[in-house]
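Let's take a look inside a protein model and see what its empty spaces and its cysteines can tell us. Have the sequence and the 3D view ready as you read.

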Amino acid sequence: MSARMQRACEGWGASVPDWIEALVNACDEAHSQRLVAERIGVSVTMVSQAISNTYASPLDSLESRVRDIYLSDQVDCPGQGTISSETCLNWRDTAVSDLPLNPLRARMRRACFACPIFKGETP
């Protein structure tokens, strides 16, 4: 058992959520919480505190992002067809943070806003 998984077990008790296990495994495989945090789009502190179950705010957004990147497979995108859930997450982030500067971004912004997966979340 890795040191991170041990911290997760200490913080979460006997029932460590599957997405926390996925987060720990990703950090262990990358040998870096920083790289995983950058990929997810959150701070290293948030990753560390989520693993140890000491983060003071709700973790719903982090859970969703971890599931999209590490636990999901494919989604049916109204703008591009079948894509990975991580690609979908990246387009959703782009839809709320960027102005559509080219035709593809404009099309994907409209597709994201019309998609049931999109909840208007911010990265």
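## Hidden spaces

The count comes to 2 cavities of 30 Å³ or more. Here a cavity is a set of points, on a 1 Å grid over the protein atoms alone, where a 1.4 Å probe fits but cannot get out, and lining residues have an atom within 4 Å of a point. Grid points are joined across faces, edges and corners, and a volume is the space filled by probe spheres set on the points.

A quick word on the background: this is a predicted model, where local features need pLDDT of at least 70, side-chain atom pairs count only at pLDDT 80 or more, and totals for chains, interfaces and linings use all residues. Residues are numbered from 1 along each chain as its sequence is written, and side-chain values use heavy atoms, with hydrogens and water left out.

## The largest cavity

The largest cavity holds about 80 Å³ of space. It has 14 lining residues, and those closest to its centre are Cys 77, Pro 78, Cys 88, Cys 112 and Cys 115. Strand E1 (74–77), helix H6 (85–97) and helix H7 (103–114) each give two or more residues to this lining. Helices (H or I, at least four residues) and strands (E, at least two) are DSSP runs, numbered from the N terminus.

What classes do the residues of this lining divide into? There are 12 nonpolar, no polar and 2 charged. Ala, Val, Leu, Ile, Met, Phe, Trp, Tyr, Cys and Pro count as nonpolar, Asp, Glu, Lys and Arg as charged, and the others, Gly among them, as polar.

## The second largest cavity

About 40 Å³ is the volume of the second largest cavity. Among the residues lining it are Trp 91, Asp 98, Arg 105 and Arg 109. H6 and H7 are the elements that give two or more residues here. By class, this lining has 5 nonpolar, 1 polar and 3 charged residues.

## Cysteines without partners

How many disulfides does a search of the whole structure find? It finds 0 disulfides (pairs of cysteine sulfur atoms within 2.5 Å). Cys 27 is in none, and the nearest cysteine sulfur, that of Cys 9, is 15 Å away. Why is Cys 112 not bonded to Cys 77? Because their sulfurs are 6.3 Å apart, too far for a bond, even though Cys 77 has the closest cysteine sulfur.

Are these two cysteines, Cys 27 and Cys 112, buried or exposed? Cys 27 has 0% relative accessibility, so it counts as buried (under 20% relative accessible area; exposed is over 50%, partly exposed in between, with a 1.4 Å probe and protein chains only). Cys 112, at 7%, counts as buried too.

Definitions and conventions: 1 Å grid on protein atoms, 1.4 Å probe; cavity = no way out; pocket = protein on both sides within 12 Å on 5 of 7 lines; lining within 4 Å.
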